[in-house]
Amino acid sequence: MLLLAGVLFAFGSMAQIKDPVKWTATKRKNANGYEVVITATLPKPWHIYSQHTGEGGPVPTSFKFSKNPLLIFTGDVKEVGALKEQYDKLFDTKVKYYGEKVDFVQNVKVRGNVKTNVSVTVEYMTCDDSQCLPPTKKTFSVSL
């Protein structure tokens with residue numbers, strides 16, 4: 001019985017670690033269509049990793065857009081924020097990351113003059129100065 005209580009306490013403690021990243025997904029009209037903007041906001045000292053962080057390091061942020069025959073994706077997802085780069089002892093490699101806020105921007109054109117949605121799943125990893133949380137996935141849908 002004591003062992004069961006210990007196991008339940010351990011799982012309860014782990015469940016209290018919440019994802020510190022607050023996400024928003026919006027759109028901005030531009031001359032060629034839309035910019036889909038996925039914004040990550042983090043409290044200090046948490047940070048999220050670039051799509052282009054070092055090999056052998058943390059899980060880089062990545063984006064998977066659902067197929068939609070009405071959409072044309074132009075270019076790669078751009079990162080807009082204060083990029084930091086440093087050697088990380090935990091991962092034994094140089095890493096690239098963002099703290100506080102970063103926008104991930106994808107240009108999208110819509111075929112014809114129709115309304116549709118863009119769906120995207122972001123996978124990311126977040127760490128602070130002493131711990132990392134497991135990689136997490138979030139899915140967003142933005143009306144265009």
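Strands here are DSSP runs of E, at least two residues long, and helices are runs of H or I, at least four, numbered from the N terminus. This is a predicted model: local features need pLDDT of at least 70, side-chain atom pairs count only at pLDDT 80 or more, and totals for chains, interfaces and linings use all residues. Residues are numbered from 1 along each chain as its sequence is written, and side-chain values use heavy atoms, with hydrogens and water left out.

**Stop 1: His 47**

Select His 47. It sits in strand β3, residues 47-49. Is His 47 buried or exposed? Its relative accessibility is 10%, so His 47 counts as buried (under 20% relative accessible area; exposed is over 50%, partly exposed in between; 1.4 Å probe, protein chains only).

Now show the side chain of Tyr 49. The His 47 side chain makes a polar contact with it at 3.1 Å. A polar contact is a pair of N or O atoms within 3.5 Å; within protein, one must be able to donate a hydrogen and the other to accept it, and residues adjacent in sequence count only if both atoms are side-chain atoms.

Next, bring up the residues in contact, meaning heavy atoms within 4.5 Å. Leaving out residues up to four places away in sequence, His 47 touches Leu 42, Tyr 97, Tyr 98, Gly 99, Met 125, Thr 126, Cys 127 and Asp 128.

**Stop 2: the disulfide**

Step from His 47 to Cys 127, one of its contacts. Cys 127 forms a disulfide with Cys 132, the sulfur atoms 2.0 Å apart (a disulfide is a pair of cysteine sulfur atoms within 2.5 Å). The count by this rule is 1 disulfide. Measure the S-S torsion in your viewer: for Cys 127 and Cys 132 it is about 105°, so the disulfide is right-handed. The two ends sit in different settings: Cys 127 is buried at 1% relative accessible area, whereas Cys 132 is partly exposed at 27%.

**Stop 3: backbone exceptions**

Most residues other than glycine have a negative phi, and most peptide bonds are trans. Go to Lys 44 and Pro 45. A cis peptide bond joins them, with omega about 5°. Pro 45 lies in the loop between β2 (33-41) and β3.

Then select Asp 92, in the loop between β6 (84-88) and β7 (93-99). Asp 92 is not a glycine, yet its phi is positive, about 55°. Asp 92 is exposed, at 56% relative accessibility.

Glu 100 also has a positive phi, about 65°. Find Glu 100 in the loop between β7 and β8 (101-110). Glu 100 is partly exposed, at 41%.

**Stop 4: strand β2**

Colour β2. Of its 9 residues, 7 are buried. Two strands pair if DSSP finds at least two bridges between them. Strand β1 (residues 22-30) pairs with β2 in the antiparallel sense over 9 bridges. β1 and β2 form a hairpin, with 2 residues between them. β2 and β8 also run antiparallel, joined by 8 bridges.

Pick Val 37 in β2. Thr 26 stands opposite Val 37, and so does Val 105 in β8.

**Stop 5: the cores**

A nonpolar core is a set of buried Ala, Val, Leu, Ile, Met, Phe, Trp, Tyr and Cys residues joined through side-chain atoms within 4.5 Å. How many residues has the largest one? It has 25; Trp 23, Ile 38, Ile 48, Phe 63 and Leu 144 have the most contacts inside it. Elements giving two or more residues include β2, β8 and β11 (136-143). Apart from this core lies another, of 6 residues, among them Tyr 49, Val 95, Met 125 and Cys 127.
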